[in-house]
Amino acid sequence: MKKKDSGGKVVCTNKKAYHDYTIEQEFEAGMVLNGPEIKSLRAGKANLKDGYAQVRNNELFLYNVHISPYPYASMVPPDPLRVRKLLLHRREINKLIGKLKEQGYTLVPLKIYLSPQGRAKLALGLAKGKKLYDKRASLKKKETDRELQRIMRRG
């Protein structure tokens, strides 16, 4: 599947996901939100750190993503950690179901952003967990890349 360009304002990213997992494929999903939640996202009040997505009854749901209550909402604020439904095409969900049945795969939220039309979108990553030595290797590679960039800038 083609990686789609977000194009809009990025609300929050999950940097820990790139450290703990190897992201094999990315998907773009819409989110079912209440009115105060979208206002809170526009204000940049979200946290993806411990979040994950699961398939239940052939539908995709997002767990443990914290969207802070909007302080100026007139209605009773929803639970910040409530389970939210994700919107994907049926063939994408079927593809994910097939991949998730394989050993070691999980769905990790990578970032929440607002599309140019003002809709809240979630970038999901089909991920496989890294071992400790993989994490060390990726950190070492990142450091050597930084050193190369410094040397290139100096001339």
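What follows is a walk through the cores, the strand pairing, the main pocket and a few notable residues of this predicted model.

The inside is a good place to start. In soluble globular proteins, nonpolar side chains tend to be buried together. Here the largest nonpolar core has 27 residues, and the members that touch the most others are Met31, Leu41, Leu86, Ile112, Leu122 and Leu124. Quite a few elements chip in at least two residues each: strands S1 (9-13), S2 (21-31), S5 (59-63), S8 (105-114) and S9 (120-129), along with helices H2 (35-42) and H3 (90-100). There is also a second, separate core, made up of 6 residues, with Ala17, Val108, Tyr113 and Ala123 among them.

Leu86 deserves a closer look. With residues up to four places away in sequence set aside, Leu86 touches Ala29, Gly30 and Met31, then Ala53, then Leu60, Phe61 and Leu62, and finally Leu122 and Leu124. Two of these partners, Met31 and Leu124, are also on the list of core members that touch the most others. Leu86 sits in strand S7 (residues 84-87), which has two faces: Arg84 and Leu86 make up the covered one, while Lys85 and Leu87 make up the uncovered one.

Strand pairing puts S7 in context. On one side of the bookkeeping, S7 pairs with S2 in the antiparallel sense, over 2 bridges, and Met31 is the residue standing opposite Leu86. S7 also runs antiparallel to S5, this time with 3 bridges joining the two strands. In that pairing Leu60 stands opposite Leu86, and Leu62 stands opposite Arg84. Met31, Leu60 and Leu62 all turn up among the contacts of Leu86 as well.

S5 itself is well tucked in. Because 4 of its 5 residues are buried, S5 is largely enclosed by the rest of the structure. Besides S7, S5 has strand S4 (residues 52-56) as an antiparallel partner, over 5 bridges, with Tyr52 opposite Tyr63. S4 and S5 form a hairpin with 2 residues between the strands.

Backbone angles around S5 are worth a glance. Most residues other than glycine have a negative phi, and most peptide bonds are trans. Asn57 goes the other way, with a positive phi near 55°. Asn57 lies in the loop between S4 and S5, and it counts as exposed because its relative accessible area is 74%, above the 50% cut-off. Asn64 also has a positive phi, near 60°, and is found in the loop between S5 and strand S6 (66-67). Asn64 is partly exposed, at 38% relative accessibility.

Helix H2 has its share of buried residues, namely Pro36, Glu37, Ile38, Ser40 and Leu41. Leu41 is also one of the core members that touch the most others. After H2 comes Gly44, with a positive phi near 85°.

Next, the open space. Rolling a probe the size of a water molecule over the atoms shows where empty space is left. The largest pocket found has a volume of about 180 Å³. Its lining consists of Lys15, Tyr18, His19, Lys130, Ser138, Leu139, Lys141, Lys142 and Asp145. Helix H1 (15-20) and helix H4 (132-154) are the elements that give two or more residues to this lining, and H4 gives the most, with 5 residues. Sorted by class, the lining of the largest pocket comes out as 5 charged, 2 polar and 2 nonpolar residues.

Lastly, Lys128, which belongs to strand S9. At 32% relative accessibility, Lys128 is partly exposed. Lys128 and Glu24 are 104 residues apart in sequence, yet their C-alpha atoms are 7.5 Å apart in space. Glu24 is also one of the contacts of Lys128 once neighbours within four places in sequence are left aside; the others are Tyr21, Thr22, Gln103, Gly104 and Tyr105.

Terms used: Residues are numbered from 1 along each chain as its sequence is written. This is a predicted model: local features need pLDDT of at least 70, side-chain atom pairs count only at pLDDT 80 or more; totals for chains, interfaces and linings use all residues. Side-chain values use heavy atoms; hydrogens and water are left out. A nonpolar core is a set of buried Ala, Val, Leu, Ile, Met, Phe, Trp, Tyr and Cys residues joined through side-chain atoms within 4.5 Å. Buried means under 20% relative accessible area, exposed over 50%, partly exposed in between (1.4 Å probe, protein chains only). Contact means heavy atoms within 4.5 Å. Two strands pair if DSSP finds at least two bridges between them. On a 1 Å grid over the protein atoms alone, a cavity is a set of points where a 1.4 Å probe fits but cannot get out, and a pocket is an open set with protein on both sides within 12 Å along at least five of seven lines; lining residues have an atom within 4 Å of a point. Grid points are joined across faces, edges and corners, and a volume is the space filled by probe spheres set on the points. Ala, Val, Leu, Ile, Met, Phe, Trp, Tyr, Cys and Pro count as nonpolar, Asp, Glu, Lys and Arg as charged, and the others, Gly among them, as polar.
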